[in-house]
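Please look over the structure shown here before reading on. The questions that follow take up its helices and sheets in turn.

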Amino acid sequence: MSKYFGTDGFRGEANVGLTVDHAYKIGRFLGYYYGKEHKCSVVIGKDTRRSSYMYECALTAGLTSSGADVYLMHVTTTPSVSYIARTDSFDFGIMITASHNPYHDNGIKLINSSGEKMQPYVIDEVEKYLDGLIPEAPYAVGSDIGRAIDYAAGRNRYIGYLISLATHSYKGMRIGLDCANGSTWQIAKSIFETLGAETYVLGCTPNGLNINDNCGSTHIENLRNLVVANNLDVGFAFDGDADRCIAVDETGRIIDGDLILYICGKYMKDCDKLANNTIVTTVMSNFGLYKALDRAGISYEKTDVGDKYVYECMRANGHLIGGEQSGHIIFSKYAATGDGLLTAIKLMQAMLSQKQPLSELAAPVTIYPQLMKNVRVTDKAAAISHPLVKASVIEAEDLLGSNGRVLLRKSGTEPLIRVMAEALTSTECHQAVDIIVDAINKSGLTV
């Protein structure tokens, strides 16, 4: 793990863990690094957090002072920045977002010219610069100073691209959308109504302080209530930067990332379009998913948690679909990152092509009870390796036997240990998780 950049960028509380000076310096270095042999161009997007505007200005100042030209997409989604960085031949892209975190946090995601997460060796150089371990980047002067350019056209082109991927009209479909007061607040409704749907929208009044606040994919109960109360056909909830999607079927059942992987993967197999007959999952995926995939004759691979690792596996092996239970779903034929809007469009395709409601498509999957608790700690590595904690894991595993499992992992973006248990009953899950959480609390490493 890098010092500043985790699995999903440099993230922290605005002007506490991630300061405006950090953003300026990141811009200074990257503008110089990519502009050594030609005029560097970079595309920047942001979510609706109040601090996103501050970071946008700081990054722009740093980049242009090093000679880079900056193209501003303004409020947009992470996958749109990835798409435009790739298709419009930018040297790299930057997305300002803390994804599903509360408004007081923010983050800087670096995206390479292929629309993928920035290469680790570049991240290493950025971190050295932040720590003063390499010389200051020279300032551009005269006509070499960079400029900032409005690039809302890039966002519009991305919207057009998504619409072009829809294989059916949505006329007659009644769809709920929860935009999390985030990046999709203007985009999602436009896309679905252009395709003919009647939309019912939540989380569409951002004020800079309410992103992900009791809305979006991390508060799915609101969309569930909307779908059931209005007898909608389906609902889709996104997170702050729209790289996630969680759905709700017409009965109110939550269709998480595991169920989305099954529905879309099975549809692709039936259409003879599932490359290698394989879906890529993470170690957090549910037993029920694997049992359903076994029955469907679909193979799967497991990676560490993080869409970065899912995509690396997909790219290395030529797999076309993978993702996480949290709703990060990657369709590698169309995108190099999780894309919530694309996921929703693909789910609509599966429903409309097979002329079945989402509830029927998800019915073959029986989800096993799963519980996860987060414990805030002072040192993630020390907490996991503490003797009390290691002993508690053994005790919990003995409790569950062969009918369950436990998993401890470090959050890639926050000072948290995530403790998960999966078992035949919710009671057993709680018992196993509580054994481990109690041991972490007794370790003296909690905040």
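**Helices and sheets in the predicted model**

Q: In this predicted model, which strands are included in what covers the buried residues of α7?
A: Helix α7 spans residues 221–229, and its buried residues include L223, L226 and V227. The elements that cover the buried residues of α7 include four strands, namely β8 (174–178), β9 (198–202), β10 (234–238) and β11 (245–248).

Q: Why do L223, L226 and V227 lie on the same side of α7?
A: In an α-helix there are 3.6 residues a turn, so residues three or four places apart point the same way. In α7, L223, L226 and V227 are buried. They are on the same side of α7 because the arc they cover around the axis is only 95°.

Q: Which residues are exposed on the other side of α7?
A: The buried residues L223, L226 and V227 belong to α7, and exposure here requires over 50% relative accessible area. On the other side of the helix, the exposed residues are N225 and A229.

Q: Which strands stand at the edges of the seven-stranded open sheet, each with a single partner strand?
A: The sheet is mixed in its pairing and has the strand order β1-β2-β6-β5-β3-β4-β7. Because each edge strand has a single partner, one side of each is left without a neighbour in the sheet, and these strands are β1 (5–6) and β7 (148–150).

Q: Which residue of β5 is the bridge partner of G45?
A: Strand β3 (residues 41–46) and strand β5 (residues 92–96) run parallel and are joined by five bridges. Within β5, the bridge partner of G45 is M95.

Q: At about what angle to β6 does helix α3 run?
A: Helix α3 (residues 78–87) lies across β3, β4 (69–75), β5 and β6 (105–112). Its angle to β6 is about 25°.

Q: Which residue in β19 stands opposite K373?
A: An open sheet of three strands has the order β17-β19-β18 with antiparallel pairing. Seven bridges join β17 to strand β19 (residues 416–422). In β19, the residue opposite K373 is V419.

Q: Are α8 and α9 roughly parallel or roughly antiparallel to each other?
A: The axes of helix α8 (residues 257–270) and helix α9 (residues 287–296) come within 10 Å and cross at roughly 10°. Angles under 35 degrees count as roughly parallel, and α8 and α9 are therefore roughly parallel.

Notes:
Residues numbered from 1 in each chain as written. Predicted model: local features only at pLDDT ≥ 70, side-chain atom pairs only at ≥ 80, totals over all residues. Heavy atoms only, no water. Pairing = 2+ DSSP bridges. Helix = DSSP H or I, 4+ residues; strand = E, 2+ residues; numbered from the N terminus. Contact = heavy atoms within 4.5 Å. Axes fitted to C-alpha atoms, helices over the stretch in contact; angles between N-to-C directions. Buried < 20%, exposed > 50% of the residue type's maximum accessible area, 1.4 Å probe, protein only. Arc of directions from axis to C-beta. Parallel < 35°, antiparallel > 145°, perpendicular 65-115°, else oblique.
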